[in-house]
Amino acid sequence: MKTKLGISVAMLATLTYVFGLFGGYVALALLAGYILLCEPEMSLKKHAVKAVLICVVFDLIAAVIGLIPNAMTLVDNLFNIFGGNFHIAFISNVIYFITYAISLLEKVIFLAFIIVAWVGKEVKIPLLDDFVEKHL
């Protein structure tokens, strides 16, 4: 099956995940917007929404985890006012490890979705699929 652009649905679905992994939000938003507005294929629309959701969810997780070092820095700055010091290296190292692991997991998920979309299949993630079905 071909899209209005003349490429296959599988190719365009693959490109949505590639843009999510390498292109950033602007490129992904432009492609997903085009798909949602102009392409009639529902499976393609699902792929576009999933790619955007994966990016947003992982960025939200990273932002929430990033609050912990920010809070520790705030407390350290407060202690510095009174000549003290508040730094727990172990917690900082754990947070950096978790942040890196989440970034790696995001890349692995995108690569898996790229491969699956290229083959023309769809990955079922219950929470994600329920959200897409409800709002699409």
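Which residues in H2 meet which residues in H4? The first legend takes up that question, and every view comes from a predicted model.

**View 1. Helix H2 meets helix H4 in this close-up.** On the H2 side, the residues to look for are Lys 46, Val 49, Lys 50, Leu 53 and Ile 54. Their partners in H4 are Leu 128, Asp 129, Phe 131, Val 132 and Glu 133. Sorted by character, the residues of this contact are six nonpolar, no polar and four charged. The two axes come within 10 Å and cross at roughly 120 degrees. H2 and H4 are therefore oblique to each other, and H2 passes H4 in a right-handed crossing.

**View 2. The largest pocket has a lining of nonpolar residues.** About 190 Å³ of space lies in this pocket. Please look for Leu 53, Ile 54, Val 57, Phe 58, Ile 109, Ile 125, Leu 127, Leu 128 and Phe 131 around the space. Helix H2 (42-81) and helix H4 (126-135) are the elements that each give two or more residues to the lining. H2 provides the largest share, with four residues. By class, the lining divides into nine nonpolar, no polar and no charged residues. Leu 53 and Ile 54 of H2 line the pocket and also take part in the contact with H4 shown in View 1.

**View 3. Helix H2 runs against helix H3 in this view.** The axes come within 10 Å and cross at roughly 175 degrees. That angle is over 145 degrees, so H2 is roughly antiparallel to H3. H2 brings residues including His 47, Ala 51, Phe 58, Ile 65 and Met 72 to the contact. From H3 come, among them, Ile 91, Thr 99, Glu 106, Ile 109 and Ala 117. The residues of the contact divide into 18 nonpolar, three polar and two charged. Phe 58 and Ile 109 belong to this contact and to the pocket lining of View 2.

**View 4. Helix H1 (residues 9-38) packs with helix H3 (residues 89-119).** Their axes lie 8 Å apart, at an angle of about 170 degrees. H1 and H3 are therefore roughly antiparallel to each other. On H1, the contact is made by Ala 10, Met 11, Ala 13, Thr 14, Tyr 17, Val 18, Gly 20 and Leu 21. H3 answers with Lys 107, Phe 110, Leu 111, Phe 113, Ile 114, Ala 117 and Trp 118. In this contact, 12 residues are nonpolar, two are polar and one is charged. Phe 110, Phe 113 and Ala 117 of H3 take part here and also in the contact with H2 in View 3.

Terms used:
Residues are numbered from 1 along each chain as its sequence is written. This is a predicted model: local features need pLDDT of at least 70, side-chain atom pairs count only at pLDDT 80 or more; totals for chains, interfaces and linings use all residues. Side-chain values use heavy atoms; hydrogens and water are left out. On a 1 Å grid over the protein atoms alone, a cavity is a set of points where a 1.4 Å probe fits but cannot get out, and a pocket is an open set with protein on both sides within 12 Å along at least five of seven lines; lining residues have an atom within 4 Å of a point. Grid points are joined across faces, edges and corners, and a volume is the space filled by probe spheres set on the points. Ala, Val, Leu, Ile, Met, Phe, Trp, Tyr, Cys and Pro count as nonpolar, Asp, Glu, Lys and Arg as charged, and the others, Gly among them, as polar. Axes are lines fitted to C-alpha atoms, for helices over the stretch in contact, and angles run from 0 to 180 degrees between N-to-C directions. Angles under 35 degrees count as roughly parallel, over 145 as roughly antiparallel, 65 to 115 as roughly perpendicular and the rest as oblique. A crossing is left-handed if the near helix is turned anticlockwise from the far one by less than a right angle, and right-handed if clockwise. Contact means heavy atoms within 4.5 Å.
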